[in-house]
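Could you walk me through this assembly in the viewer? I would like to know what to select at each stop and what I will find there.

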Amino acid sequence: MEDLGLKIFGAILTTIMGFTVGMTYGGIVRKLTARVQNRFGPPFYQNFLDLLKLQSKKTNVAHGFMGHMAPVWIIIAAVTVLMFIPILNGNLWFPNMSFHGDLIFLLYMMVFGSLGMALGAGQTGNPNSAIGVTRGLSQMVGYEIPFVLALVALMIQYETTSIQELTKIQHETGVWNAFANPFAFLAALFASLGMFRYSPFDIVGAPAELASGPVSEFGGKYLGTMMSGGAIFAFIKLTLYVHLFFGGAGNADDSGILATLAGIGILLVKTFLLYMIPVFYGWINPRYRTEQAIRYFWGWPTALGVIGVLWAVYIN
Amino acid sequence: MNDLIKENKLLDAVVSAFKIEGKVIRDRRVEVLADKNMVSSILLFVKKQLGYIHLAHMTCVDWIDQGEFELIYTVYSPVDKITIFVKTRIDRENPEMENIDTIWDQANTYEREMREMFGIEFPGLVGEFEFILEDWDQIPPMRKEFDTHKYAAETFYSRPGREDAKDVREELNKRSGAKVPDFAKKYSRE
Amino acid sequence: MENDKNSQKIVDYIRNFSRKHSLFVLAYGTGCGAIEIPATMTSRYDAERFGIRGAATPRQADVLLITGYLSTKTLKRVIRVYEQMQEPKYVIGFGSCTINGGMYYDSYNTINGLDQYLPVDVYINGCMPRPEAVISGFVKLQELILAGKANNGEKYRENLEHYRTNQKKIIKNWKMPDYNW
Amino acid sequence: MNIFFTIISLLFSGALLVFLINKVLPKISGVVAFITIAVVSALFFTQVTVGESYHYMVGEIQMQFGVTYYTYIFAIIVLGLSTLASLYSIQYMQGKQRLGFFYSNYLLTVAGMIGIIFSQDFISFFIFWEIMTWSSYLLVIYNGYNSSKIGMKYMIFSAIGAYAMLAAIVSIKANYDTYIITEAMQNGAFSFSDHIYIPIMLLIGFAVKAALMPLHVWAPNAYSKSPMSFTAIFSGAMSKMGILGMGLVLASAYSYSNSESGNAILALRYTLGWLGGITAVMATIYALIQTDAKKLLAYSSVAQLGYIIVGLSTGTKLGVMAALFLAIVHGVFKGALFMVVGAVEKQAGTTDMTKISGLIRKMPWTFFVALVSIIALAGVPPLGGFVGKWMLYEALITESNNYFLVIVIFFSSTAAFLYSYRFLYGLFLGQEETDTAHVKEAPITMLIPMVILALILIVTGAYPGILFEPIAHGMHYLGFNDVNWDMSILVNVWGEESNMGYINMTIGVVFVVIFTFLTLKGYKGTKEVGTKDISTGGEVPAENENLSYQLDYFKPFERAAAPLYKRSMNKIWSDLGNAMEALFDFTRKIYTGNGQTYAIFVIIFLVILLLLKDTLFAN
C-alpha cells in the first residue's frame, strides 16, 4: 500500500513543482522583458505576489455555473495532464501514470482546459470574451497542424505512441530526437510559438482591443486560479517538449537524492532554454491578426512537418 | 503684394447674385452678411457654382445686447484656397434656423450642438436630442444669461480654499511689479 | 484560527504585503492627464518595478485612476466602473481637477472634488503631475495598504446612501441598473 | 411464426394501427408508436438468440432471416435509439399536423431498419432497404412544400444507390448463383478477383446512406429539415445501415487482401480512406460556418460518418473496432444532440443561433445533455468519443501505413472544436436575450431520453468494455479473431495497454478536490450576477440591447481557409443535373407531334436496316 502512498506523494510533489516552476518562469520572463526594454522591472517573484493578491480578494463575481467552473476545468486539465507527463523518467519520486498512446491522450486533454475556459468565458456574456475565444480556437487549429505532424513523425519513426518509450529510445540511442528528426523538431518548435501565446500570437487576449479577451470578466480568485493553471500548463508543454525532443532528464536507474536533484537541474536548464525561444521571438515581433497567424502556421511549419513525416517514413 | 483679385471676384459673384453686402477681410478671407432666409441658397450657390465644397465650421455667437444670435457658416474652397464666412443674424427670443444638413452632412453635428448649447431650433433635424449634455434641465448653457459660475457653485461641491480666487494675470503683475495693461483690466473679474 | 490574534495579524500582514506589491491599475483616461500614464509605465519611470501594471477590465483591477477632470456625463460611467471592481479597491484622484475642479472649477459640466462621489484614497495634485509625482502617489497608496488603512471599499458600501445622494444630485435621471449592488 | 416475423409484423401492424388510431384520437398515436417500439425492443433483447436463422422459399428464391453477432451491434443502435426517440417524440410532435402520417412512417422506417438487420439474403435486404428509404423520404418532406426539393434530392441519390445495389445483386445471382449473403461472401463475390464492379456497386449503394463524398449532398438539408425526433434516428441509426453494409463488403474483401487481388483491395482501402477523410474535413469546415444549429449538427454528422468510414477503410483489427465503436457512440451523442436541438426548437421557437442565446439558465438540463454530448463529439477525454478517436489514431498510425490520413483526420477533429463551441455558445451561452425570457425547461418526457443518452455516454467513457463485448463478437463474425479487450483497458496492436479507468479516476479525484477547494474557500465573497453586468467601458447596456456575438463567428478562420470554401459538391451536382436536363430537352425535340416526321423516321429506319442487313443479320 505504501506504493500508492508514494504515488500520491509524488503526484502532489509533481503538482507543486510544476506550479512553482511555471510561475517563476513567468516572473523571470517579465523581468527579462523589462531589462530588454531598459527598465528595472518587477522582481522575479512578482507572479506569486499577484496570485496571492488575487486569491485574497474579498469579493468575487461569477456569471453563473460555467463561469464559476471555468478555472476548475483548467486546473483539472492541468493536473491531469501533469499526472501523465514523465517529469524525470523512471524516477521513483516523480511517478506518472504513463500508458501507451498517452501522447494522443495528452493532445486532447490539453484542449479540455481551454474548452472549459471557453465555456466559462462564453457564459459571462461579454462579447469580447467570445471574440477572444473564437480567435484562440482558430489559432489553435492553426498551430495544431505542424505540432501533430511533428508528433506523428516521431510516432512513425519509433513506432510507439508513448512518451516514456520515446524518451527511453533517446536514452538508448543517445541521439536526441531534435537531431534524429530535425524537420519534425523545427515544426514542433514553430508550433510552440503559438502554443505559448507570446507575441506575435497574443491576439487572443489583446488587452487594448479585446479587454484581455476570454478572461475579461474574471477577477479575484478565478483569475488567480486561471493564472496557476496557466503556469502549470506552461511547465507541462516545456517538459513535454524536453521529453519528446531533448532526451528528457534524470537517470532512469538511480533515484537517489543527488541523482534526482541533478535530473531536476538538467530539466530546469533545458526547459528554460526552450522557454526562451518563444519569448525571444516575441520581443522582436509585432502582433499578427488571426488569419495571418493561421496562414503562418499552415505555411512553412506545416511544410517542415510534412518533410519530417516523409523523413521518418523513408529515411529511417 | 497681391491685390486680392480672387477675393474680390468671389465677393462680387456672391454680392451681385444675392444683392447683399459683404467685404473682403484680408487675403483669403471673405465675409458676407445675409438674411436668414437667403443663407441656404447662398450656401448652395457657393457650393455648386463657385466650388466652395467644404463646410469647414459652423458656429453661433450670442449678441445678448442686440438680442440676436449670429450664425457663421465657414465655407472653404480647396481650389482657390479662399474661406468665405456667411454670417446671419436670427432673433434671440424664439431662435429658429433652417436646417442645412441636406447640403452638407457634417452640418448635422454642428446643428445638434447648437440646438443643445444655444437652444436654436433646426426644423427637420435628425438625431436624438441628447448629444453632448446628458439630462440637462437648465437653460442652454452657452447662452450668456446662464451664469455658469453660480450654477457650478450651487450644483457642485466646491472645496474651501478657492474663496480668494484671484485673477492670475493681476497677481503675476503685482508680484513682478509691472502695471496692468488696459486690455487686461477689461477682462479682470472685479 | 479567527480568534487567534497573532496568527490573524500575520495573515493580514501577508495579505496586505501582497496587495501592496501588486496593483492592477485601471486608468480611466479622462481629460489631459491620460497622457502621463504611458510615460509612467515606460522605461524611463518604469512603474512596473513597484508591481504596478495595467488592468484591462474593472473585474481584474485594484486601483481606479481618475486622470483629470470629470464631466458629469463621465461620472456616471466612472461610478459604474468603480462598482464593478472587486474589493479591496482603491481610487487615486489625479490632477487638481479631481481635487477642486482645477481650471474648470466654474464649469457648468465638470465636478469639483471627486471625493464627494467616490471614496478617494490618494490625491495627486498638480496640473499636470509629472510621472515622478504619480509614482510618489502610488508609493503613498502602498504605505496605506501595508498599514491596512486603505479600506475605502467597505466605507463606500457602508455610506452608500451618502454617496448616492451626492451622485444623484448631479446625475439627474438615475438610470443606473440596480444589479451593481 | 418465429420471432423475426413477429417483430417485423408487429412493426408493420403498429404502423397501420397508428394510422387508424390517429383518425379517432390523435393524442395517443405517439404513445402507441412508443409502446410498439418498446415492445419490439423488449422482444428482441429477450427472445432473439443470436446466430439462429430461418430459411424460406418464395418461388425458388431462398430467403433467410436471422441475427448475426455483427448485425446485433446495429440492432442495439437502432432499437435503443428509436425507443428513446419515440418516447421523446410524444411531446415533441404534440400539436403538429398529420401525426398518423408521421408515426406510421416512423414505424415503417424502424421496420425497414430492423428488416435490414434481420435479412440475410439480398432480396429481402433490398426490399427492406427500399421500405426504409421510401418511408424516410416521406418523413423528410413532412414539413411540406419548402422541403420537397430537399426530399427530391434525397430521393434521387437514394435511387442512384438503390439501382447500383440492385445491379450488384442481380449480377451476384448471375455469377455466383446465390442470394444468401454469407454464401456470396464465401464464394468470393467481394474478392475483387473477378467482377470487381460487384463490391464497388454495393459500396456505392451503401455510401449513399452513409453520406460519403461525393454522395453526401443530400444529407445536410435532409437531416436539418425533417422533424428532429426523426432526425435523431435518421442521422443516428439509419446512416449506420450504410456502415453495416460497407462493413460486410469490406470485411470479406480484406480477408482476401493477401491474395492476387491484394492490390485492388489496397487501392480500394486508400480510396475509401481518403474519401472518408475528405468528407470529414469538408463537412467540418462547412459545419463551422453555419448559423442554424440543425444545419451545423447535420454537417457534423456527415463528418463523423467520415471518421467511421476511415476506420473501416483501414481494414485492421483496431480500425474496424474503432469504426464500430464510433458508430455506436455517434448514434448516441448525435441522437442526444438532435434531441437537444429539438427541445430548443420546441421551447424557443427557433434554432437560428443568431436569434437566440443564453438559454443555459432557462434550460439547465438540456444544457447538461448538450455539454456531455459535445464533449463526446469533440473526442475530449473522459467520454466515449475519445476512446473511439484514440483507437482510430492508433489504428492509422500503428497498423495501417496511411500517415497523412492521420493529419487530415486530426485537422478535422481539431476544427470540430470550433463548431462544438459554436453550438454551445450559440444556443446556451452568451447574453440572455429579452425575447427568450419566456423560455422554460423542456418537458420531462423529452428530458428523460436525453439524460439517459448522456448517462450512457458517461458510462461508456469510463468503461468502454461494455461496448467492446458485442463489438468483439461482431468482429469475430467479420473474421477478425482474438480481439483482446478488458472492462476499462484498451489494447492496441502491440498488446500495449491504455487504462481508461485510471484517466477517469484521476479526473474525478482532481475535479472533486479542486471544486470543493474553490467553492469552500472564499465562497462567501462570491456573488452571481446577470449577463448584463459586464465591463462595457462603463456604459450601461440597455435592456433590449443585443450584446451577443453571433454573426460571422469564425470569420478569421474563414479568411484563412478561404481556398477550402471555394468549390462545393452541391454546385457540381446541380451543374450535372442542368446538363442532363439540356440533353433530355434536346432528345425531346424529335417528337415534333407531326405525323409526317414520324413517317420519315420510320422510312429512314427501314432504309438503314436494308443497307446494313448483311452486317446485322449475318449467319
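**A tour by selection**

Begin with chains B and D: they do not touch, and their nearest C-alpha atoms are 13 Å apart. Keep in mind as you go that this is a predicted model.

Now swap chain D for chain A. There is no contact between chain A and chain B either, and their closest C-alpha atoms lie 25 Å apart. Where are the most contacts, then, among the four pairs of chains that touch? Show chains A and D together, for that is the pair that has them.

**Chain B**

Select chain B alone and colour its strands. You should find an open sheet of five strands in the order β1-β2-β5-β4-β3, with mixed pairing. At the edges stand β1 (21–26) and β3 (54–63) of chain B; each has a single partner strand, so one side of each is left without a neighbour in the sheet. From one strand to the next, the twist averages 20°.

Zoom in on β3(B) and its partner, strand β4 (residues 68–77) of chain B. Nine bridges pair the two in the antiparallel sense. A handy place to centre the view is Cys60(B), which stands opposite Leu71(B) in β4(B).

Next, add helix α1 (residues 5–18) of chain B. This helix lies across β1, β2 (29–34) and β5 (82–91) of chain B, and runs at about 165° to β1(B).

**Chain C**

Move on to chain C, where five strands form an open sheet with parallel pairing, in the order β2-β1-β3-β4-β5. The edge strands here are β2 (52–54) and β5 (122–124) of chain C, each of which pairs on one side only. In this sheet the twist averages 30° from one strand to the next.

Select strands β1 (residues 23–28) and β3 (residues 63–67) of chain C: they run parallel and are joined by four bridges. Within that pair, Leu26(C) stands opposite Leu64(C) in β3(C). Bring in helix α3 (residues 72–84) of chain C, which packs on the sheet and touches β1, β3 and β4 (90–94) of chain C. The direction of this helix makes about 165° with that of β3(C). Then show helix α5 (residues 131–146) of chain C, lying across β1, β2, β4 and β5 of chain C at about 170° to β5(C).

Before leaving, turn chain A back on. Here 18 residues of chain C are in contact with 27 residues of chain A. Helix α1 (residues 5–21) of chain C gives the largest share of chain C's side, four residues. By type, the residues on that side divide into two nonpolar, nine polar and seven charged.

**Chain D**

Finish with two helices of chain D. Pick α3 (residues 69–92) of chain D and check its length: at 1.5 Å a residue, its 24 residues should span 34 Å, and its end C-alpha atoms are 34 Å apart, which agrees. Since 22 of the 24 residues of α3(D) are buried, the helix is largely enclosed by the rest of the structure.

Now select α14 (residues 364–378) of chain D, whose end C-alpha atoms are 21 Å apart, in agreement with the span expected for 15 residues at 1.5 Å a residue. Is α14(D) mostly covered or mostly uncovered? Mostly covered: eleven of its 15 residues are buried, among them Phe367(D), Val369(D) and Ile374(D). To see what surrounds them, display α12 (293–314), α13 (317–348), α15 (384–399), α16 (403–427) and α17 (444–462) of chain D, against which the buried residues of α14(D) pack. The last stop is Gly379(D), which follows α14(D) and has a positive phi, near 75°.

Note on methods:
Residues numbered from 1 in each chain as written. Chains lettered and ligands numbered in written order. Predicted model: local features only at pLDDT ≥ 70, side-chain atom pairs only at ≥ 80, totals over all residues. Pairing = 2+ DSSP bridges. Axes fitted to C-alpha atoms, helices over the stretch in contact; angles between N-to-C directions. Contact = placed C-beta atoms within 7 Å. Nonpolar A, V, L, I, M, F, W, Y, C, P; charged D, E, K, R; others polar. Expected span 1.5 Å × (residues − 1). Buried ≥ 20, exposed ≤ 12 C-beta atoms within 10 Å, placed from the backbone.
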